[in-house]
Every structure is written in structure tokens, then in C-alpha cells.
Amino acid sequence: MERYYQPEIETMSRDELRALQDERLVKQVKHVWDNVPYYRAKMEAKGVTPDDIKGVADLHKLPFVTKADLREAYPYGLMGKPKRECVRIHSTSGTTGKRVMAFYTQHDVDLWEDCCARALTAAGATSEDVCQVAYGYGLFTGGAGLHGGSHKVGCLTIPISSGNTERQIGFMQDLSSTILCCTPSYAAYLGETMKEMGLGPNDIPLKAGIFGAEAWSEEMRQDIQNTLGIKAYDIYGLTELSGPGVAFECSAQNGMHINEDHFIAEIIDPDTGEVLPEGSKGELVFTSITKEAFPLLRYRTRDICQLNYEPCSCGRTHVKMRKPMGRSDDMLIIRGVNVFPSQIETVLLNHGYAANYQIIVDRVNHSDTLEVRVEMTPEMFTDNLGAIDKRQKQLVEGLRSMLGLSAKVSLVAPKSIVRSEGKAVRIIDKRKI
Ligand code: DLL
């Protein structure tokens, strides 16, 4: 039996949902117009006033917000509430430029935690569960978001944060954790460490995991499910919109329901900004219609994905987003060919490798080069050079048929690629340097 955290919202008819979105959007546009001079100026420049926005059908008239706007308005320029009414800050790690800061009133925190509670409940969590939150705590939203959601569901919550891998496994055993929340790369690393400790899926009571914050392939899901003996659910979100819980997977495990009572999703052409028809692949754009402190209208996520409006077997009515294929700014253009790291991951996992790899792109004599370094599993590891050479050739072929490109493949010894406790860093693009 499917369980819901807020059934009246999660299963409401699409007509009711649309009416709710219309009403909330109109209110939100007025709120932003009145309280965020930066965005009001953008609206004025486009010749739009709140009177032009009567509902979701008018959304396309509003200007976009981009990461560049966030940086320009850094840190307080997009706030919708005075500081005295805000209670929390979170931030991105800032690896690709200035940090992005997001602000929350208590009301915003509450709604965010509800979204995470919906995700946990969809993964089967109840007040009987012990939930180990191994996302990083601190400025990163992963720890705080799932922690709050876990409390709301009533799980016994372990705020262990990421890292200290053997201790994580010890806690799972001693405290009988049934739900694990962390990045998929860290889940894979936990599985690998368990194997090294001589432990199998039956030695831990885990039943489900909620893994997100980075792209991961279907093949990686299967691997994690098998090594940890769990169902692995995807969860999506970004700091700018609150954090994890913008969308989450249900029992169908084939896409994430967007919490549409809080976020309106659009798919646009990343080059022209034009809204694309239902079912198209493009850049995901979100409008937050309930956030007070950091209300973003038409925020361009840079995530490339597709929406699925077909009814879901779980009974939820909210639209589903497919696993994002990657970010438009992560997409590599190699000798003119668009390459998503997730495609490379699929080939590697289909050939029996684990997701321990690096993609190295360089430019030699004005031509792009692609190298994929991947670890052999302990079972594959051998000093028989002929066998290694054969494996390399198989991978080169696999990559060629997936990408239409020739790549250099380097098979390296097990454990030689550094593991991540948070988001994995897999792309090294030397061309930018
Ligand atoms: O990663 C929030 C989060 C925490 C989501 C924990 C899920 C679980 P940021 O650090 O701001 O926020 O990064 C947001 O990460 O635009 C996507 O590119 C990527 N991302 C997040 N979830 C997924 C996912 C958090 N499930 C950026 N699949 C987003 C693929 C994801 N990419």
C-alpha cells in the first residue's frame, strides 16, 4: 500500500493543483514585485507588471533568473523578507564561482521539511524507522533537509553527517538503521567498504536509501541496491529553491514527482529560452510559489531533463521529472559531439565496472582528446597484460557506440581513484586552464 505524507496534496486532481498554482503564483509575483527591487527592475525592463500575471498560463511573460543574477545580487539582493524575519542561511560550495546564498523564514524551513518528509514517506519511512542522515551537515542543504524531514516523519534520526565510513557501518549495525540518506557515490563507497569488512547485505538491516545531489545512472542504482540489499530512491533539489525535496521518487522508481504545490516546472530550450512542448528534453526552470525569504521566479537550473505527465502507479498526481541527464554546464562538447558524463557511466557499469572513474578532456594540436580512467574491480585485477588490453578494447568499442567518439581508456588498479563522501568530482577538463 502506497503511503503519503500529505495525501490531500500529493494526490489532488490536476485541475485542483492548477487552481492552487494559479492562486499562489499571482500572490508570489505581487510579493516579489513589492519586496525585491532587483527582480521588479527586470520585470519593468520587460514591460511586465503583476496585473499581467493571472495564472500559470502567463508564466512565460516573466523574465528568467539565472545564476549570474544571483551572483550580481549577492548576498542579500534577492531577499523577499527583511533579515529580522529570516532564520536560516544555506549555501552552495561555490566551486564554480561566487557562492550562492539562500535564505529561509521559519515558514520556508517548515515547507521544505514537509517536502523531504514526503520523499521519506514515499521510500517507506514511518515512525518505526531509524534514519541515518549521512549527507553533509552545515551550509550544504542535504543534511539539514533530510534531517528535518526525518523528524517530521517521526523517524529516530541519526545526524551522523558524511565521512568516517567504518563508523557509519558500525552505527548501521549497532542502531539497526533502516533508512540511509546520502549521495549515491557515498552509498556506493559504503557498499564497497562493507565488502572489504566481509559484510554483505544481510548483515545490515537497511531497507531503503534516499540518494541524490548528483547525477547517477540506472545501472548505478542496481549496483547499490544489490550491494546494500535495499531499494534506492532518487531525490532532487537545489540550494536556490530550498535544497533536497524539490522532487522525489516513489515506489514506481521511474522518475521524481515534483512538489508542484510549491514549485512550477517548465522545460525550455537552453539556447533560445523558448518554452518547449510537453515531453521535450531541455533545461528545467522552476518558479517557487510558496517561499517567502528567497522567492525565485523562473529560475534556470541548467539541469537538462524531461517531464512526464502520465499518471503514476503510486497515485500521486504531481508531474514526474526524469533523472537529469546532467547539467548543461557539465555537458562536454568533444570534437563537436555533446557528451554527458552519465552516458559514459552507463557504458562502464554495463561492462561490469563500478562507478569509480574520471573523465579527462584535453586539447592536443587543436583537437580534443577524451580519456576515461576507470578502476578495475578486485575480481578483474590481474597482471595479465593481454587480459587488460582486451578489456580496454571492449570499453573503447562500448564508448564509441554510445558516444560516436573514440576515447582512450585507462584501466587502473582498484582503489586508485579517490572516493567521495559528498558529491563526486569526475570531470577534469584541462581545456579551460
Ligand atoms: O544538491 C541539494 C540536494 C541535497 C539534493 C541532497 C538532493 C539530495 P546543490 O548543491 O545546490 O543542491 O546542487 C544542485 O545538484 O542543480 C543538479 O545539477 C544536481 N542534483 C541534485 N539532485 C540531483 C539528482 C543539492 N537527484 C544541483 N540527480 C542540481 C541529478 C542532481 N542531479
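How many residues surround the ligand, and which are the closest?

1. In this predicted model, 21 residues surround the ligand. The closest are Asp234, Ile235, Thr239, Asp303 and Lys423.

2. Some polar contacts to the ligand can be listed. Thr239 brings a polar side-chain atom to 2.5 Å from a ligand oxygen atom. Two backbone contacts involve ligand nitrogen: a polar backbone atom of Ala213 is 3.1 Å from a nitrogen atom of the ligand, and a backbone N or O atom of Ala215 is 3.5 Å from a nitrogen atom of the ligand. The ligand taken alone exposes 610 Å², and the protein buries 93% of that area.

3. Two elements give two or more residues to the shell around the ligand: helix H6 (141-153) and strand E7 (231-238). Strand E7 gives the most, with five residues. Sorted by class, the shell holds nine nonpolar, six polar and six charged residues.

4. Helix H7 covers residues 165-175. Its residues Thr165, Gln168, Ile169 and Met172 are buried. These lie on the same side of H7 because they cover an arc of only 95° around the axis. The general background is that an α-helix has 3.6 residues a turn, so residues three or four places apart point the same way.

5. Which residues does H7 expose on the face turned away from its buried side? That face carries Glu166 and Asp174. The cover over the buried residues of H7 includes strand E3 (130-133), strand E5 (179-182) and helix H8 (184-196).

6. After H7 comes Ser176. The phi of Ser176 is positive, near 55°.

Note on methods:
Residues are numbered from 1 along each chain as its sequence is written. This is a predicted model: local features need pLDDT of at least 70, side-chain atom pairs count only at pLDDT 80 or more; totals for chains, interfaces and linings use all residues. Side-chain values use heavy atoms; hydrogens and water are left out. A residue is near a molecule or strand if one of its heavy atoms lies within 4 Å of it. A polar contact is a pair of N or O atoms within 3.5 Å; within protein, one must be able to donate a hydrogen and the other to accept it, and residues adjacent in sequence count only if both atoms are side-chain atoms. Accessible areas come from the Shrake-Rupley method with a 1.4 Å probe; for residues, only the protein chains shown count as cover. Helices (H or I, at least four residues) and strands (E, at least two) are DSSP runs, numbered from the N terminus. Ala, Val, Leu, Ile, Met, Phe, Trp, Tyr, Cys and Pro count as nonpolar, Asp, Glu, Lys and Arg as charged, and the others, Gly among them, as polar. Buried means under 20% relative accessible area, exposed over 50%, partly exposed in between (1.4 Å probe, protein chains only). The arc is that of the directions from the helix axis to the C-beta atoms. Contact means heavy atoms within 4.5 Å.
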